[in-house]
Amino acid sequence: LVQGDPRIRFYAGAPLRLRDGQVPGTLCLIDHRPRPFPERDQMMLRRLATVVVDLIEMRLSNLLAEERHRALERMKDEFLAATSHELRTPVTSIVGSLGLLGMLSDVLPENARRLVQIAQNNGQRLSRLINDVLDLSRLTDGAISIDMVPLTASQVLVECLEAHLGYAAKHDIALELAEPGPLSFEADADRL
């Protein structure tokens, strides 16, 4: 570069020293003509090198953060994939067993039929919720569908009451529903 093109006759360099002591290179000024390089210019070159080091450090920090984010996403996906089988299998078995029990509803007493129906509804809802939880990637993609349907407060409260009757009875608590009035709205029934 001195004997051939670009025939450098002036060179000034400031090392780009990172915080960990590494020096990935230098910030160089070159010219094909000799020139003076006063102390003020030397100080400016050192300051500019500091700015370049800060930019390099910032970029390295961003790359590290992106790499950590990707690693966490991979870990989350692996966890959800492993957990999916462990959760779906027993829930599917329970829902299937309740379905078989429901097919015997004509021989079951009224109270038992009602409890089987409540358990089936809650089991199916649990299955749908597990599918939503296990498919968290759909959240980031905005792909979770919301099924808005018309609902009334009394129908939602009746379902809540029926779902908790067994638990309440186990603790000697009586649940009673007061008529909430003619309140109606639209919501996703499962998520509500």
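This is a short guided tour of a predicted model, from the whole chain down to single residues.

**Whole chain.** Start zoomed out, with the protein drawn as a cartoon. You should find four helices and four strands, arranged along the sequence as β-β-α-α-α-β-α-β. The radius of gyration is 34 Å, well over the 16 Å that the globule rule gives for 192 residues, so the protein is more spread out than a compact globule. Turn the C-alpha trace onto its principal axes and the spans are about 105 × 40 × 30 Å.

**Surface.** Switch on the surface next. About 14400 Å² is exposed, with carbon and sulfur atoms supplying 60% of that area. Buried residues account for 16% of the 192.

**Nonpolar core.** Now hide the surface and select Phe-10, Ala-12, Ala-14, Leu-16, Leu-18, Leu-45, Ala-49 and Val-53: these eight residues form the largest nonpolar core. Strand β1 (10-15) and helix α1 (39-103) each contribute at least two residues to this core.

Stay there and center on Leu-45. Which residues does Leu-45 touch, leaving aside those up to four places away in sequence? They are Ala-12, Gly-13, Ala-14, Leu-27, Leu-29 and Phe-37.

**Asp-31.** For the last stop, select strand β2 (residues 26-31) and go to Asp-31 within it. Is Asp-31 buried or exposed? Its relative accessible area is 14%, under the 20% cut-off, so Asp-31 counts as buried. Show side chains, and you can pick out a polar contact of 2.5 Å between those of Asp-31 and Arg-35. Beyond residues up to four places away in sequence, Asp-31 touches Arg-7, Ile-8, Arg-9 and Phe-10. Phe-10 is also one of the core residues you selected earlier.

Key. Residues are numbered from 1 along each chain as its sequence is written. This is a predicted model: local features need pLDDT of at least 70, side-chain atom pairs count only at pLDDT 80 or more; totals for chains, interfaces and linings use all residues. Side-chain values use heavy atoms; hydrogens and water are left out. Buried means under 20% relative accessible area, exposed over 50%, partly exposed in between (1.4 Å probe, protein chains only). A polar contact is a pair of N or O atoms within 3.5 Å; within protein, one must be able to donate a hydrogen and the other to accept it, and residues adjacent in sequence count only if both atoms are side-chain atoms. Contact means heavy atoms within 4.5 Å. A nonpolar core is a set of buried Ala, Val, Leu, Ile, Met, Phe, Trp, Tyr and Cys residues joined through side-chain atoms within 4.5 Å. The radius of gyration is taken over C-alpha atoms; the globule rule is 2.2 Å times the number of residues to the power 0.38. Accessible areas come from the Shrake-Rupley method with a 1.4 Å probe; for residues, only the protein chains shown count as cover.
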